[in-house]
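Q: Please take a close look at a single part of this model. Pick one strand, and set out what surrounds it.

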Amino acid sequence: MKRKVIIFASLLFAVMTALSSVSAQSPTRIQFAKGKSSAVVKGTTGEYGVTYVVRARSGQKIVLDPSPSSKIGIKVETNGRYGQSVLLREESGGHYEVGLEENGDYTIFVGSTTNRPINFTLTVKITKLADI
């Protein structure tokens, strides 16, 4: 019985340590230079991916261009008046445009689809919904 308690405690400690390392990463806010509507971020997905936050308004769209166009996935979500919503979830690269219905923060998650860290560049642009 004593051995089972020790094994359980060890497993519990391992799980808590793993969860704290995943949740310890806080999102990085993307800031646009004064007068600019786009920014380029460079990074690595690491083991668990990386999260960015950008503020935008209703009637705008977020335009995303990741590079490389393969081996990384992107997810865009928000926690708006109707709860948490996933607006985009793609596992292949490309050019993405996400129309926005609410003012607020939008979370952009970039992760590896190969289970290995991937270096990437992400261009993030905010434009009017009617702009091309």
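A: The largest pocket holds about 230 Å³ of space. This is a predicted model, and the pocket belongs to that prediction. Its lining counts 15 residues. G73, F109, G111, S112 and T113 lie nearest the pocket centre. Three elements give two or more residues each to the lining: β5, β6 (83-90) and β8.

Now to the strand itself, β4. It spans residues 60-67. Six of its eight residues are buried, so by the cut-off used here each of those six has under 20% relative accessible area. The strand is mostly covered.

Next, its partners. β4 pairs with β9 (residues 119-128) over eight bridges, in the antiparallel sense. Two pairs of residues help to place that register. Q60 has K128 of β9 as its bridge partner. K61 stands opposite T127, again in β9. β4 also pairs with β7 (residues 96-99). That pairing is antiparallel too, with four bridges. Here L64 of β4 is bridged to Y96 of β7. Strands of a sheet pair through backbone hydrogen bonds, either parallel or antiparallel.

Step back to the whole sheet. It is open, and four strands build it in the order β2-β9-β4-β7. The pairing is antiparallel. β2 (38-44) and β7 are the edge strands, each pairing on one side only. From one strand to the next, the twist averages 20 degrees. In a regular strand the side chains alternate between the two faces of the sheet.

What does β4 give to the interior? The largest nonpolar core has 24 residues. I62 and L64 are among those that touch the most other members. The others in that group are Y52, I74, I108, V110 and L122. β4 is one of the elements that supply at least two residues each to this core. The rest are β2, β3 (50-56), β5 (72-80), β7, β8 (104-112) and β9. In soluble globular proteins, nonpolar side chains tend to be buried together.

L122 shows how β4 meets its surroundings. Leaving aside residues up to four places away in sequence, L122 touches L64, D65 and P66. It also touches A39, V40 and V41, and I74, I108 and V110.

In short, β4 sits between β9 and β7 in the sheet order, and its residues I62 and L64 are well connected within the core, being among those that touch the most other members.

Note on methods. Residues numbered from 1 in each chain as written. Predicted model: local features only at pLDDT ≥ 70, side-chain atom pairs only at ≥ 80, totals over all residues. Heavy atoms only, no water. Buried < 20%, exposed > 50% of the residue type's maximum accessible area, 1.4 Å probe, protein only. Pairing = 2+ DSSP bridges. Axes fitted to C-alpha atoms, helices over the stretch in contact; angles between N-to-C directions. Core = buried A, V, L, I, M, F, W, Y, C linked by side-chain atoms within 4.5 Å. Contact = heavy atoms within 4.5 Å. 1 Å grid on protein atoms, 1.4 Å probe; cavity = no way out; pocket = protein on both sides within 12 Å on 5 of 7 lines; lining within 4 Å. Points joined across faces, edges and corners; volume = space filled by probe spheres on them.
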